[in-house]
Amino acid sequence: MIINHGVRGSTPNPSQNYLFFGGNTPCVEIKTQQYQLIFDCGSGFSKVNFSNDLETILFISHFHHDHIQGLAFNNYDTNNGKKITLTSAHSNKTDTFNNLNAYYSNPYFPVNFVEIINRFEFLDFEQVVNNFKDLNINSIDLNHPGNCSGYSITSNKKKFCYLLDNEYEDVQEEKLINFCDQSETIIWDGMFLESELLDKKGWGHSSIEQGISLADKIHVKNFLISHHSPSRDDKELKKIEKKLLSKKVKFASENEVIEF
């Protein structure tokens, strides 16, 4: 099961004109028989219900505020005070801890949250991957300022890819196709329109049209365009959806549940 808890980019937008697709920043949850896997902890992370029975691993794509701003705002309501493994493919466990600890402490946060809550076990990505017996987890370097990792999860021959915050370039095409091919579901960064890319060069995001083009070259069941611009309201997204998207390519919506 895949749950989209947040699909908005850059900053949350909770206003009335954003309720259909959703206003929370990125957080995606996958549940298998043994694991609860969470990708990023934007403001949508506040809605994650932690399992008492499943092992929970939180994968951070990168440390920009919209992907970590929800970490302190989940109630972490479990019966056993369980530990949550936290890792990043492009950052070792010490740097991952230091980055989050700096964000959630003075002068940016009122308390030293990461140390006070004492819920996280920081591990290197390679150590986490080697611990899995029934999952195959891989990462890919994405084109984004300050480094960013995409992830793929394969379980019971079904594959999921998480590819937010990537400024697509033609030289990436073969690598992305090889990484994503034969996926059940792909989540793609489509923050901009093609007409907006020139003014946004170097911002680290792709276009909706680039996603559509790439989807045509990949064997994939569900290609979900996410990380919607905070200024693109429901009306505009529905207009683009009607004009450009297909049965295979859709806009991600907050709270949608997809079988995995």
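What share of the contacts in the protein chain with a separation of 6 or more comes from residues 24 or more positions apart? Residues that far apart account for 63% of them, where a contact means heavy atoms within 4.5 Å.

## About the model

This is a predicted model, in which local features need pLDDT of at least 70, side-chain atom pairs count only at pLDDT 80 or more, and totals for chains, interfaces and linings use all residues. Residues are numbered from 1 along each chain as its sequence is written, and side-chain values use heavy atoms, with hydrogens and water left out.

## Overall fold and surface

Let's start with the whole chain. Its secondary structure comes to six helices and 13 strands; these are DSSP runs numbered from the N terminus, with helices being H or I of at least four residues and strands E of at least two. The C-alpha atoms fill a box of roughly 50 × 40 × 30 Å along the principal axes. The radius of gyration is 17 Å, which agrees with the value near 18 Å for a compact globule of 260 residues. That radius is taken over C-alpha atoms, and the globule rule is 2.2 Å times the number of residues to the power 0.38.

Of the 260 residues, 57% count as buried. Buried means under 20% relative accessible area, exposed over 50%, and partly exposed in between, with a 1.4 Å probe and protein chains only. The accessible surface comes to about 12,100 Å², and carbon and sulfur atoms hold 46% of that. The chain has 25 positive and 34 negative charges, whose mean positions are 6 Å apart. Here Lys and Arg count as positive and Asp and Glu as negative, while His and the chain ends are not counted; each charge is placed at NZ of Lys, CZ of Arg, CG of Asp or CD of Glu.

## Aromatic pairs

If you like rings, there is plenty to look at. The structure holds 25 aromatic pairs. Rings of Phe, Tyr and Trp (its six-membered ring) pair if their centres lie within 6.5 Å; planes under 30 degrees apart count as stacked, over 60 as edge-to-face and the rest as tilted. Y76 and F113 have ring centres 6.4 Å apart and planes at 40°, so this pair is tilted. Because Y76 lies in the loop between β4 (55-60) and β5 (84-88) and F113 in helix α2 (residues 113-117), the pair ties together parts that are 37 residues apart in sequence. Y76 is buried at 4% relative accessibility, and F113 is buried too, at 11%.

The pair of F97 and F122 is edge-to-face, with 5.4 Å from centre to centre and 85° between the planes. This pair links distant parts of the chain, as F97 sits in helix α1 (residues 93-103) and F122 in strand β6 (residues 120-122), 25 residues apart. F97 is partly exposed, with a relative accessible area of 25%, whereas F122 counts as buried at 15%. Ring pairs also link these four residues into a cluster with F45, F50, F73, Y103, Y104, F109 and F120.

## Backbone details worth a look

Most residues other than glycine have a negative phi, and most peptide bonds are trans. The peptide bond from N106 to P107, however, is cis, with omega near 10°. P107 lies in the loop between α1 and α2.

S10 is not a glycine, yet has a positive phi of about 70°. You will find S10 in the loop between β1 (2-6) and β2 (27-31), partly exposed with a relative accessible area of 24%. N118 also has a positive phi, near 55°, and belongs to the loop between α2 and β6.

Terms used. Accessible areas come from the Shrake-Rupley method with a 1.4 Å probe; for residues, only the protein chains shown count as cover.
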